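Subject: Structure handover

Hello,

Here is the structure I promised to pass on. Please open it first; my notes follow below.

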Amino acid sequence: MDWEALWLSIKLSCVTVIILIPFAILASRFLAYHNFTGKSWVEALIMVPLVLPPTVIGYYLLVGLGSQSWLGRFLEQVLGQQLVFHFSGLVVASIIVNIPFAIQPIQRAFESVPQEVRDAAACCGMSPLKILFKIELPLVWPGVLTALVLCFSHVLGEFGVVLMMGGNIAGETKTVAISIYDSVQAFDFASAGQMSLVLLLFAITVLALTTSMSRRLGRAHGSRHS
């Protein structure tokens, strides 16, 4: 069992979720409550990572953020290091790839909040920020929880975009998915099987817990308004 790779994957998942979920809440709220010219194109752009192969996204990130591009050179001067083949580059890649997994569930949850509830809160003198924290977030919490779990689990198993953007550097960019691939390449099927089993059990457990919690939150919300 490659514990170092597993820990790196968990660390990458945590950092990605911490950065992405707050952004996704604000972006999802805006998309749910505003109609504007080109909205369909924006939503389509958000969904692109779902249909593009991860290696294609990784290729564009590698070219766009590498030292051969003006953006890559600018970021290297500002940050003092390259994003490519570094943990920070994996974070950027993971955030971009997981944007649809974060925004879609939260946007649908915001869209399900009745307009009358928001209007009543505004009539009571509540500011938009207070409405968000006191009214909307408690109602959309199941969607936020779903987005959090989907992003965390998806990052944990990422392979193509991670390999393209970060390579295979032990302790820096070698995640558990890459470690599984290396074990199979080395015909070490025992190690590959152990790590694969850990990811499988984790995915089943987390999805089961998320489904259960979402149902409980939905029933609790229904009982409060019945």
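How many disulfides does the count come to? The count is 0 disulfides. The cut-off behind that is a pair of cysteine sulfur atoms within 2.5 Å. C14 belongs to no disulfide, and its nearest cysteine sulfur, that of C151, is 12 Å away. C123 is in no disulfide either. For C123 the nearest cysteine sulfur is that of C124, at 6.9 Å. Both distances miss the cut-off, because a disulfide needs its two sulfur atoms within 2.5 Å. As for exposure, C14 is partly exposed, at a relative accessible area of 33%. C123 is exposed, at 71%.

One caution before the rest: this is a predicted model.

Overall layout

The chain has 11 helices and 0 strands. Read along the sequence, the pattern is α-α-α-α-α-α-α-α-α-α-α. The C-alpha trace spans about 65 × 45 × 30 Å along its principal axes. The chain has 226 residues, and 40% of them count as buried.

Helix α1 and its partners

Start with α1, residues 3-33. One of its partners is α8, residues 128-156. The two axes come within 8 Å and cross at roughly 140°. Are α1 and α8 parallel or oblique to each other? They are oblique, because a crossing has to exceed 145 degrees to count as roughly antiparallel. The crossing of α1 past α8 is right-handed. By class, the contact of α1 with α8 has 19 nonpolar residues, 3 polar ones and 2 charged ones.

Helix α1 also packs with α5. Here the angle is about 55°, and the axes are 9 Å apart. That makes α1 oblique to α5. Again the passage of α1 is a right-handed crossing, this time past α5.

Helix α5 runs over residues 87-97. V92 sits in α5. V92 is partly exposed, with a relative accessible area of 28%. The C-alpha atoms of V92 and T16 are 8.1 Å apart, with their positions 76 residues apart along the chain.

Helix α6

Is α6 largely enclosed or open? It is largely enclosed by the rest of the structure, since 11 of its 13 residues are buried. The buried set is I99, P100, F101, A102, I103, Q104, P105, I106, Q107, A109 and F110. The helix covers residues 99-111. Its length also checks out. At 1.5 Å a residue α6 should span 18 Å, and its end C-alpha atoms are 18 Å apart, so the two values agree.

Two phenylalanines with positive phi

Please look at F85 and F187 in the viewer. F85 has a positive phi of about 60°, although it is not a glycine. Where does F85 lie? F85 is in the loop between α4 (70-79) and α5 (87-97). With 43% relative accessibility, F85 counts as partly exposed.

F187 likewise has a positive phi of about 60° and is not a glycine. F187 is in the loop between α10 (176-185) and α11 (189-224). Is F187 buried or exposed? F187 counts as exposed, at 67% relative accessibility.

Two further positions

P54 lies in helix α3, residues 54-65. At 43% relative accessibility, P54 counts as partly exposed. P54 and L90 are 36 residues apart in sequence. In space their C-alpha atoms are 13 Å apart.

V161 is in helix α9, residues 160-166. V161 is buried, with a relative accessible area of just 2%. The cut-off for buried is under 20%. From V161 to A177 is 16 residues in sequence and 11 Å in space, C-alpha to C-alpha.

To recap

The chain has 11 helices and 0 strands, and the disulfide count is 0. Helix α1 is oblique to α8 and oblique to α5. Helix α6 is largely enclosed. F85 and F187 each have a positive phi of about 60°.

Over to you.

Best wishes

How values were computed. Residues are numbered from 1 along each chain as its sequence is written. This is a predicted model: local features need pLDDT of at least 70, side-chain atom pairs count only at pLDDT 80 or more; totals for chains, interfaces and linings use all residues. Side-chain values use heavy atoms; hydrogens and water are left out. Buried means under 20% relative accessible area, exposed over 50%, partly exposed in between (1.4 Å probe, protein chains only). Helices (H or I, at least four residues) and strands (E, at least two) are DSSP runs, numbered from the N terminus. Axes are lines fitted to C-alpha atoms, for helices over the stretch in contact, and angles run from 0 to 180 degrees between N-to-C directions. Angles under 35 degrees count as roughly parallel, over 145 as roughly antiparallel, 65 to 115 as roughly perpendicular and the rest as oblique. A crossing is left-handed if the near helix is turned anticlockwise from the far one by less than a right angle, and right-handed if clockwise. Ala, Val, Leu, Ile, Met, Phe, Trp, Tyr, Cys and Pro count as nonpolar, Asp, Glu, Lys and Arg as charged, and the others, Gly among them, as polar. The expected span of a helix is 1.5 Å times one less than its number of residues.
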